[in-house]
Amino acid sequence: MLRKSFQSLILLLFVFTSSSHSNAYPLSTQSRWIIDDSTGERVKLVCGNWAGHLQPMIPEGLDRIPLKELVGELVKNRFNCVRLTYAVYMWTRHAHGIVNNTFNYLDAPEVVAGIAKYNPSILKMTHIEAFDAVVNELGARNVKVLLDNHVSEPKWCCNDDDDNGFFHDQHFDPQEWIHGLTLAAKHFYGHQPIVAMSLRNELRGPRQNLRDWYKYMSHAALVIHKTNPNVLVVISGLNYDTELQFLRNNPLKIDLGEKMVYEAHLYSWSGIGTLKLKEFWSKQPLNRICAENIEGLDQSAGFLTSGKNAVPLIITEFGFDQTGSSVEDNREDKLQLDESFGVVDATWHKLRYPNFADKFQLLQRKNQDPTSKVSEAYIMYHPLTGQCGQVNDKNELEIGSCENQTRWIYNGSQILLNDSKKCLTAIGEGLPVAISDDYENKNSSWKSESLSRLHLATVDQNGKHLCLHKDYNSSFVVTSKCICINDDSLCLDDPQSQWFQLVATNV
């Protein structure tokens, strides 16, 4: 029996290295960037995960809201892409199965009633026709689709022992898998909303080995490219898509004609390779955790975006428990319940996290374009709130919408207003930071401090370090005593109000 009607699982997905709503098709790669073939401009994919790989084998939420409204909500919340997941068996074993018959088998009358109310035509469709209906509606709103093979057997994902994890598991026959990928690639050939296809989500389990990874991932990538040369081919690594470091010394030697993209996953509870954040998330200084997190991601996957053979890398899954109930984001045994990692709540009508628009506004923005003629400057980003630094009418620093952010130049010492000689100056502890002409004052000299490099600090007249600090009761940015900028294992205070990052932009 289906234990619950559909639950919302729309996580976040962003292109890590590669505008908004456009008719870009097809897409290709140019070094670390994803570009629109027709214009040569960079395309930043801002995608939500939409689960369609479970037992019903149709995209979730169709029992809660009309399809047109659901896609409209995606667009309203500034997504231009969906990572739409599916199961191999939908193509190879259930291609002609009728949606209504599947739900009858699963004994889920409440879901049938919901679909009959909101999307009645879906019930008479085959599973593939239901996917077509969703893809067509997404395309009608200029929302792109990354078609993701999540599992072979339709079920929730993932565990080491779920028999879907690696080649030659009970439900992971390589030949059937490649046949399913081929059917999907052929079916969507020339279909403009489908801009990318992934090979497999989260390879895992005791059978993992590099010999089979190179053999079968190479074969599958080439098959997709031959069958549907328009789509980007997205390639995952090992250990729940947290390990690609083996490619440093032995890159994948296949020709996909500027269509190769890699993907990685990052959760606070999943760890990065052998780094298990869950074991010490609340027991170590946050600056240290952040620094090790960034270093781990770079070592395991981020390196792919640099050097002469750079390629795009997509973080296809990341997220956090939005109930705020656990600092280590313990998500285990919650999958049949209300999905606390979802962007929308169980009704599919509301954002689960009220501050979503603020929190992720800079991530959803295209900040760099390799074709831009604009000189590079910086946006001052405050990760805790998702907002950006601005200068008010009194020449004081505040945070606000990143749409109206101030541009800065950093010369290694002074933080200067773009196209101006005015600079950021500390007035005193607890006081708002000012914009002044006194750029020779040592209170106008700033350095990145702490292991995380997210503290912007200056030194007052007495030699005391002061850091930028978002005021707790207003939008002002003040200077305060720096929190845990030294790597002290006993310093467990939360420094996030003092985290500011200068984000490069030429857009």
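Two strands count as paired if DSSP finds at least two bridges between them. With that in hand, open the model, which is a predicted one, and begin at a strand with a partner on either hand.

**Stop 1: strand β7.** Select residues 194–198, which form β7. Five of these five residues are buried, so the strand is largely enclosed by the rest of the structure. Now pick Ala196 and look across to Leu232 in β8, which stands opposite it. Strand β8 covers residues 232–235 and runs parallel to β7, joined to it by three bridges. Add Leu146 to the selection: this residue also stands opposite Ala196. Leu146 belongs to the pairing of β6, residues 144–151, with β7; these strands are parallel too, and four bridges join them.

**Stop 2: the crossovers.** Follow the chain out of β6, through helix α6 (residues 174–187), and into β7; this β-α-β crossover is right-handed. Then continue from β7 through helix α7, residues 210–227, to β8, where the β-α-β unit is again right-handed.

**Stop 3: the loop between β6 and α6.** Go back along the chain to Cys158, found in this loop. The peptide bond joining Cys157 and Cys158 is cis, with omega about 20 degrees. In the loop between β6 and α6, select His168 as well. Its phi is near 80 degrees, a positive value in a residue other than glycine. Is His168 buried or exposed? Neither label fits: buried requires under 20% relative accessible area and exposed over 50%, so His168, at 41% relative accessibility, counts as partly exposed.

**Stop 4: helix α5.** Select residues 127–140, the 14 residues of α5. Put a distance between the C-alpha atoms at its two ends: they are 20 Å apart, which agrees with the 20 Å that the helix should span at 1.5 Å a residue. Next, colour the helix by accessibility. Ten of its 14 residues are buried, so α5 is largely enclosed by the rest of the structure. The buried residues include His127, Asp132 and Glu137, along with Ile128, Phe131, Val134, Val135 and Leu138. Ala130 and Ala133 are buried as well. Step just past α5 to Asn142, where phi is positive at about 60 degrees.

**Stop 5: Arg453.** Finish further along the chain, in the loop between β18 (447–449) and β19 (455–459), where Arg453 is placed. Arg453 is not a glycine, yet its phi is positive, at about 60 degrees.

Conventions:
Residues numbered from 1 in each chain as written. Predicted model: local features only at pLDDT ≥ 70, side-chain atom pairs only at ≥ 80, totals over all residues. Heavy atoms only, no water. Buried < 20%, exposed > 50% of the residue type's maximum accessible area, 1.4 Å probe, protein only. Right-handed = clockwise from strand over helix to strand, strands pointing away. Expected span 1.5 Å × (residues − 1).
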